[in-house]
Amino acid sequence: MNSLIREGDVRDILSKSAVLIVDDVFEKPAAGLHEALADYPDDSIYWLRGGESAKQWDQVKNVLTFLYEKRLVRDAVITVIGGGTVCDVGAFAASIYLRGVTLYLVPTTLLSMVDASVGGKTGINFQGKKNLVGTFYLAQEVVIDTLFLRSQPHQLITEGIAEIVKAGLLGDALLLDMLRDQGKNIIAGTIADEPFEDIVWRAIAVKHAIVTEDPREQGKRAFLNLGHTFAHALEAEEGRYSHGIAVAWGLRCAAHLSVYLNIATKEYYDKVRELLDIYDYPSKVSASAESLYAHMQYDKKKHGNVLRFVLQSAIGETTMVEPDEDSVLAILNEHTR
Ligand SMILES: NC(=O)c1ccc[n+]([C@@H]2O[C@H](COP(=O)([O-])OP(=O)(O)OC[C@H]3O[C@@H](n4cnc5c(N)ncnc54)[C@H](O)[C@@H]3O)[C@@H](O)[C@H]2O)c1
């Protein structure tokens, strides 16, 4: 089974939904959803504060209590509207309540449109470790409302672009060219609708193809973790960096590690970092290499005691590698201060 991922208007979804779990940023009129929600019964909306702090067991418990109090039945539709954190928590709650209720997702950040809402991974952080607890649970529908492409703050666009760079590296070289050619317009907020939406749908297509081939991450799906061993360690160490910025830094580190291990050419690394530089992503972060390395020991891709990284020999050529500690530390030392 697969989610139906389609373009749509959030207002059409509301009428089908028994309850909504909504990022509380939309409680304020400025964020763009206020009017659409005006006619929706207030007591059927659960407002969840978006951000990494949402991804906690206590928040899941509160959502489950809300669903219980609303006497939600299994075939009623629960619609989750928000960024990746609210989608992860809402979808997790939907996946375990009554062993799974019908779920619709309306992602409201670029990152959640192209990544978090695609492929059915749900979850929360646990014991300070990213996404340690969760389920695989597909939304019946994922509705991309392009209203949010225009209404979200610029910072969120930059964060989302990082996962689009990853998608391009994994499976769509043309997407990388588009990100390079449109870089100035994206940064200035002047990109036209058509190329912007084209970029979004191409990124969704890369992820969708991978998760359709390997829904339970028994093989190729792990490639979506390109850059993420570095990124998750950074997020665990330093709460200041958002997921998107951490991913951009992680992609740079992964490309550098590929060259360091003689898996890829310097030209590959140059191409990756030139693209990341257009968007002004950090090359060095404030963190200690040793401490980041210690966080990596909790990485879910570990094979026994050995750390495994998703690396590339070239754009579109992805592989799993088990580098020695000294090589990883050398890269971490290059990219920290
Ligand atoms: N499940 C998956 O497969 C998957 C994949 C990638 C990332 N993720 C997860 O996604 C999370 C990151 O998601 P994110 O980048 O969307 O961050 P986020 O959900 O934290 O949203 C960022 C901020 O933007 C606000 N916001 C949301 N939509 C807005 C809008 N339209 N206008 C203004 N503000 C808005 C939120 O309230 C929050 O403060 C991470 O926890 C990551 O682990 C999950």
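Helix pairs whose axes make an angle under 35 degrees count as roughly parallel, those over 145 as roughly antiparallel, those from 65 to 115 as roughly perpendicular, and the rest as oblique. Keep that in mind for α11 and α12, which pack at an angle of about 135 degrees and are therefore oblique to each other. This is a predicted model. Its chain is assigned two domains, domain 1 (4–152) and domain 2 (155–334), and each of them gives at least three residues to the shell around the ligand.

**Around the ligand**

- The ligand has 30 residues around it, and the closest are Gly50, Gly83, Gly84, Thr85 and Thr109.
- Five elements put two or more residues into this shell: α4 (84–96), α5 (110–116), α6 (147–151), α7 (154–171) and α12 (243–260).
- Sorted by class, the shell around the ligand holds 15 polar, eight nonpolar and seven charged residues.

**How the two domains meet**

- Domain 1 and domain 2 have their C-alpha centres 25 Å apart.
- Their contact takes 18 residues from domain 1 and 23 residues from domain 2.
- On the domain 1 side, the elements giving two or more residues are α5 and β7 (129–133).
- Helix α5 supplies the largest share of that side, with five residues.
- The domain 1 side of the contact is made up of eight nonpolar, seven polar and three charged residues.
- So keep an eye on α5 as you look around: it is among the elements giving two or more residues to the ligand shell, and α5 also gives the largest share of the side of domain 1 that touches domain 2.

**Helix α12 and its partner α11**

- Two packed helices are described by the angle between their axes and the distance between the axes.
- For α11 (residues 228–237) and α12, that distance is 7 Å.
- The crossing of α11 past α12 is right-handed.
- From α11, the contact uses His228, Phe230, Ala231, Leu234 and Glu235.
- From α12, it uses His243, Ala246, Val247, Trp249, Gly250, Cys253 and Ala254.
- By class, the α11 contact with α12 has eight nonpolar residues, three polar and one charged.

**Helix α12 and its partner α13**

- Helix α12 also packs on α13 (residues 266–278), where the axes come within 8 Å and cross at roughly 165 degrees.
- That angle makes α12 roughly antiparallel to α13.
- Here the crossing is left-handed.
- On the α12 side you'll find Ala248, Leu251, Arg252, Ala255, His256, Ser258 and Val259.
- They meet Lys266, Tyr268, Tyr269, Val272, Arg273 and Leu276 of α13.
- This contact of α12 with α13 counts eight nonpolar, two polar and three charged residues.

**Helices α14 and α15**

- Helix α14 (residues 289–296) packs with α15 (residues 325–334) at about 130 degrees, and their axes are 9 Å apart.
- These two are therefore oblique to each other.
- The crossing of α14 and α15 is right-handed.
- Ala289, Leu292 and Tyr293 of α14 meet Val328, Leu329, Leu332 and Asn333 of α15.
- The contact of α14 with α15 has six nonpolar residues, one polar and no charged ones.

How values were computed:
Residues numbered from 1 in each chain as written. Predicted model: local features only at pLDDT ≥ 70, side-chain atom pairs only at ≥ 80, totals over all residues. Near = placed C-beta within 6 Å. Helix = DSSP H or I, 4+ residues; strand = E, 2+ residues; numbered from the N terminus. Nonpolar A, V, L, I, M, F, W, Y, C, P; charged D, E, K, R; others polar. Domains from an automatic or database assignment. Axes fitted to C-alpha atoms, helices over the stretch in contact; angles between N-to-C directions. Left-handed = near helix turned anticlockwise from the far one by under 90°. Contact = placed C-beta atoms within 7 Å.
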